[in-house]
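This report looks at a sheet, a pair of helices and some unusual backbone geometry, and then at the surroundings of selected residues.

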Amino acid sequence: MGETGLDYFYQKKNLKDQIKLFYKHIYLSKKINKPLIIHSRNANKDTIKILQSEKSKGCKGILHSFNYDFKTASKFLDMGFYISISGIFTFKNSIELRSVIKKIPLNRILLETDSPYLTPFPYRGKENQPSYVYYIAKYLSNLLKIDLEELSYITSKNFFKLFNLKKNNSIFEDI
Ligand SMILES: [Zn+2]
């Protein structure tokens, strides 16, 4: 269900509409039992407040293109959400974000490109594309000092678990 959420950076003029629709999407997500895909920029307090008030533990979902502190990450993790990592954490200045990501449990991490935006290192400045998820995985495997294949396996497994999907592949049979 999504992408939904709150953007207080780009869209300051329609805050009331954003909040109203966010409530509706949470309600629907719970009703149809599908994960929420949440966009949240400069709006961590309200995003958490609304999710908590709507008892969103049941719906679960993704915090897409995560770029907040660890305190915020913990609150989303407590509600059962997954933290999705885009190319932002590969940017030179994202020192703080990298230290936050190091503390997120591996079984709650997902990878994304947010293509065509947020192109990861080493293609920053060029248009992003879905295949660059490889560079996000590679950067993260270096950061966490974990084998790239193992990391790919774990994040794929997280994806199939969250979306309650079965993969036509024997390596995922234990999900
Ligand atoms: Zn977004």
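For the helix pair described below, axes are lines fitted to C-alpha atoms over the stretch in contact, and angles run from 0 to 180 degrees between N-to-C directions. The model is predicted.

**A pair of helices**

Two packed helices are described by the angle between their axes and the distance between the axes. Helix α5, formed by residues 133-144, and helix α6, formed by residues 148-162, have axes that come within 9 Å and cross at roughly 115°. Angles of 65 to 115 degrees count as roughly perpendicular, and α5 and α6 are therefore described as roughly perpendicular to each other. The crossing of α5 and α6 is right-handed. On the α5 side the contact is made by Ala-137, Lys-138, Leu-140 and Ser-141, which meet Leu-148, Leu-151 and Ser-152 of α6. By character, the residues of this contact of α5 with α6 comprise four nonpolar, two polar and one charged.

**The sheet and its strand β4**

Strands of a sheet pair through backbone hydrogen bonds, either parallel or antiparallel. Here five strands form an open sheet in the order β1-β2-β3-β4-β5, and the pairing is parallel. The edges are occupied by β1 (2-7) and β5 (109-111), each of which pairs on one side only, and the twist from one strand to the next averages 30°.

Strand β4, residues 81-85, can be followed through its pairings on either side. With β3 (residues 61-63) it runs parallel, joined by three bridges, and Ile-62 stands opposite Tyr-82 of β4. With β5, strand β4 also pairs in the parallel sense over three bridges, and the bridge partner of Ile-83 in β5 is Ile-109.

In a regular strand the side chains alternate between the two faces of the sheet. In β4, Phe-81, Ile-83 and Ile-85 point one way, whereas Tyr-82 and Ser-84 point the other way, and all are buried. Because five of the five residues of β4 are buried, this strand is largely enclosed by the rest of the structure.

**Unusual backbone geometry**

Most residues other than glycine have a negative phi, and most peptide bonds are trans. Two cis peptide bonds and two residues with positive phi are collected in the following table.

| Site | Feature | Value |
|---|---|---|
| Gly-2 to Glu-3 | cis peptide bond | omega near 10° |
| Phe-121 to Pro-122 | cis peptide bond | omega about 10° |
| Ser-65 | positive phi | about 45° |
| Asn-164 | positive phi | about 55° |

Of the residues at the cis bonds, Glu-3 has its place in strand β1, while Pro-122 lies in the loop between β5 and α5. Neither Ser-65 nor Asn-164 is a glycine, although each has a positive phi. Ser-65 lies in the loop between β3 and α3 (70-78), and it counts as buried because it has 22 C-beta neighbours inside 10 Å. Asn-164, by contrast, is found in the segment after α6, and it is exposed because 10 other C-beta atoms lie within 10 Å.

**Surroundings of two residues**

Which residues does His-25 touch, not counting residues up to four places away in sequence? They are Met-1, Gly-2, Thr-4 and Leu-36. His-25 is found in helix α1 (residues 15-32), and with 19 C-beta neighbours inside 10 Å it counts as partly exposed. Its contact residue Leu-36 is eleven residues apart from His-25 in sequence and 7.9 Å apart in space, C-alpha to C-alpha.

Leu-111 has its place in the edge strand β5, and because it has 20 C-beta neighbours inside 10 Å, Leu-111 counts as buried. Leaving aside its neighbours within four places in sequence, Leu-111 is in contact with Ile-85, Val-133, Ile-136, Ala-137 and Thr-155. Among these partners, Ile-85 belongs to β4, and Ala-137 also takes part in the contact of α5 with α6. Leu-111 and Lys-30, in turn, are 81 residues apart in sequence and 24 Å apart in space, C-alpha to C-alpha.

Definitions and conventions. Residues numbered from 1 in each chain as written. Predicted model: local features only at pLDDT ≥ 70, side-chain atom pairs only at ≥ 80, totals over all residues. Helix = DSSP H or I, 4+ residues; strand = E, 2+ residues; numbered from the N terminus. Parallel < 35°, antiparallel > 145°, perpendicular 65-115°, else oblique. Left-handed = near helix turned anticlockwise from the far one by under 90°. Contact = placed C-beta atoms within 7 Å. Nonpolar A, V, L, I, M, F, W, Y, C, P; charged D, E, K, R; others polar. Buried ≥ 20, exposed ≤ 12 C-beta atoms within 10 Å, placed from the backbone. Pairing = 2+ DSSP bridges.
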